[in-house]
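Biologist: Before we discuss anything, could you put the model on the screen, so that we can go through it part by part?

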Amino acid sequence: MPTPRTTSDIRTLYKLQRTVPNVDDILDLFDATLLDDLGAQIGFPDYGPDVPAMLIQAQWPVLRASWCEQASVTTGLPVTGVHQESGALLVFAVDGDLYVLVYGDGHRLVPDELKDQRFGLRFVARTINTEKVNTFTRRSLGAGGRTDITHVAAGAPWWMLSVHSELQIVRNLGGKVSGDFQLTCAGNRSRAVTLHGGVGLRARFGLDGADLIADVREIARVLRELSPAPGLEIIDHIEPVTETAILSHLEDDLDARLGRGSATGITLIAPDEHQQAWQDAKSFRLRIGSASSATTTPEPRVGEIVRRASLQPPGKRITALKRGTIDLYGDHKSKDKLATLAPYKCLEVETPVRSRRFALMEGHWYELDAGYLDARRARVRALFPQQPTLTLPGWNRRDHPREEDYCLTLPGRIGGYVNLDQKTIHNPIRPTTGTLEICDGLAADDTLVLIKRAASAKPLSHLFWQGINAAQALTGHAVARAEFAALVAQHGNGRTIPPDFVPTKMVFAILHEHDRPVTPEALPPFALLALATTADLLNGTGIEVEVISISPRDGE
């Protein structure tokens, strides 16, 4: 056996949601047909009777390299090249929990439904130095599947990265660690320890079997005893749904929605672990139902997935999505397969069940912790005064069907009010995105007024995002303050503000889409969390927040 040059090595560790009574049952968790096709080799490491373990090794077929076709076209010459992928899995049980350590491309052998979807993220959230965050991926709630991936090589403070944890779901997180914990890699303090966590945990694990097992026990201790770092608490308040009756209800509801053939509220996403493969893919092959239904397309679309699912028999549509495939290819001839995903894993859906709120993300249903939601609802109640400080007229949609129509009427009905709807400044926060609308109007007392007609989380979250961006621009950028003052002077009919203007109050004025009063109880859960986080952030910069419910009837 070769002598290692180091005591640890960078690998990815997964925790499985299943357990097995003994080592012989481990193989039953995996795709036997795939392992047979690959000629997988099975071995049994000896870590003692308390740690059953199995090593699975496999090699994929030899393929023509995907770059050959492009090189041949460019050069006019025949180009040949091949590649072959291989990998292994070390599957082992520690203290009743089952783990998988991945080598090479072994991750392709682990079924997604077996993985604890937040194992790595929950560990990193408890150990990361929030002043040295290197990487993270976040998905914005109610923003149609929008995903942002950020890399900061030198590390940056969490608070500087414009992450609002209750408006977004953090999918993975990486950076330098803080605190004292006993992983093998932490014993070498000559360089900072870096961890990356999402579904799996990528870190330096002990090469020696005993060290690896000790590392896993330390990870379990941290998850059991420590709390997430400040700002990351919500990671523990979004929980996977495991109750069979609720899962059945959620899938039945989605089956019925698919049967109606409507894609409303359903978004197609690239799963986090396959983001790069999705970006690299030159073609996709979609199959839902029979093999004869498979078609190749430059890019899959949610409407086509819903249409194909709607053709399946009632009660069978979710199964068809789970058993169907989206094959990702690195070439236009569909030869170089990068990954195979279930269409079900690529859908994002939000579903209410009475007072509870659920979201389907990457093939798994999540529920927002009800106690946490109640606490945040209590937090925002003070934002809804019985007597608003700003009196806005009713919004009769028959006379003013669009938001801009309503906004145009306000200067003539409210003394000192300046209409700034669709009036923008240069965006100092993200210069490449162009412009930024600070607010829809400026009240006589210099309150920023932001107006929206909405009922669902998506437009409301957008409204609260606008408030955060406006505050960040005006409090942190002199150029933005000067441009905003010039904008008010241009459209204020003699009204001006100083060039160093910083707001002290912001009003969110909302007309409920279904003509109901806007209250903390009426807000969708994710919109409620977005408002709570917005209020926390704005209050922290000295800006008071108020929410006004606009009447649907003119004259009120």
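Modeller: This is a predicted model, and I suggest we begin with a loop residue, Asp446, which sits between strand 25 (441-442) and strand 26 (448-454).

Biologist: What is the phi of Asp446, which is not a glycine?

Modeller: Asp446 belongs to the loop that joins strand 25 to strand 26, and its residue type is not glycine. Even so, the sign of its phi is positive, and the value is about 70°.

Biologist: Is Asp446 buried, partly exposed or exposed?

Modeller: A residue counts as buried under 20% relative accessible area and as exposed over 50%. The relative accessible area of Asp446 is 26%, which lies between these two cut-offs, so the residue is partly exposed.

Biologist: Where does Gln422, which also has a positive phi, lie?

Modeller: Gln422 is not a glycine either, and its positive phi is about 65°. As for its place in the chain, Gln422 is found in the loop between strand 22 (418-419) and strand 23 (425-426).

Biologist: Why is His400 classed as buried?

Modeller: His400 is located in the loop between helix 9 (370-380) and helix 10 (403-409), and, leaving aside residues up to four places away in sequence, it touches Trp395, Asp405, Tyr406 and Thr409. The cut-off for burial is under 20%, and His400 is buried because its relative accessible area is 16%.

Biologist: Which residues of helix 5 are buried?

Modeller: Helix 5 (residues 244-259) has 16 residues and spans 22 Å from its first C-alpha to its last, close to the 22 Å expected. In an α-helix there are 3.6 residues a turn, so residues three or four places apart point the same way. Cover for the buried residues of this helix comes from elements including helix 7 (302-310), helix 8 (317-323) and strand 19 (347-353). The buried residues themselves are Ile246, Leu250, Leu254, Asp255, Arg257 and Leu258.

Biologist: What phi does Gly261 take just after helix 5?

Modeller: Gly261 follows helix 5, and its phi is positive, at about 75°.
The residue is a glycine, unlike Gln422, whose positive phi is about 65°, and the value for Gly261 is about 75°.

Biologist: Taking the protein chain as a whole, what is its radius of gyration?

Modeller: The secondary structure of the chain comes to 13 helices and 28 strands. For 556 residues the globule rule gives 24 Å, and the chain comes close to that, so it is as compact as a globular protein of that length, with a radius of gyration of 27 Å.

Methods. Residues are numbered from 1 along each chain as its sequence is written. This is a predicted model: local features need pLDDT of at least 70, side-chain atom pairs count only at pLDDT 80 or more; totals for chains, interfaces and linings use all residues. Side-chain values use heavy atoms; hydrogens and water are left out. Helices (H or I, at least four residues) and strands (E, at least two) are DSSP runs, numbered from the N terminus. The expected span of a helix is 1.5 Å times one less than its number of residues. Buried means under 20% relative accessible area, exposed over 50%, partly exposed in between (1.4 Å probe, protein chains only). Contact means heavy atoms within 4.5 Å. The radius of gyration is taken over C-alpha atoms; the globule rule is 2.2 Å times the number of residues to the power 0.38.
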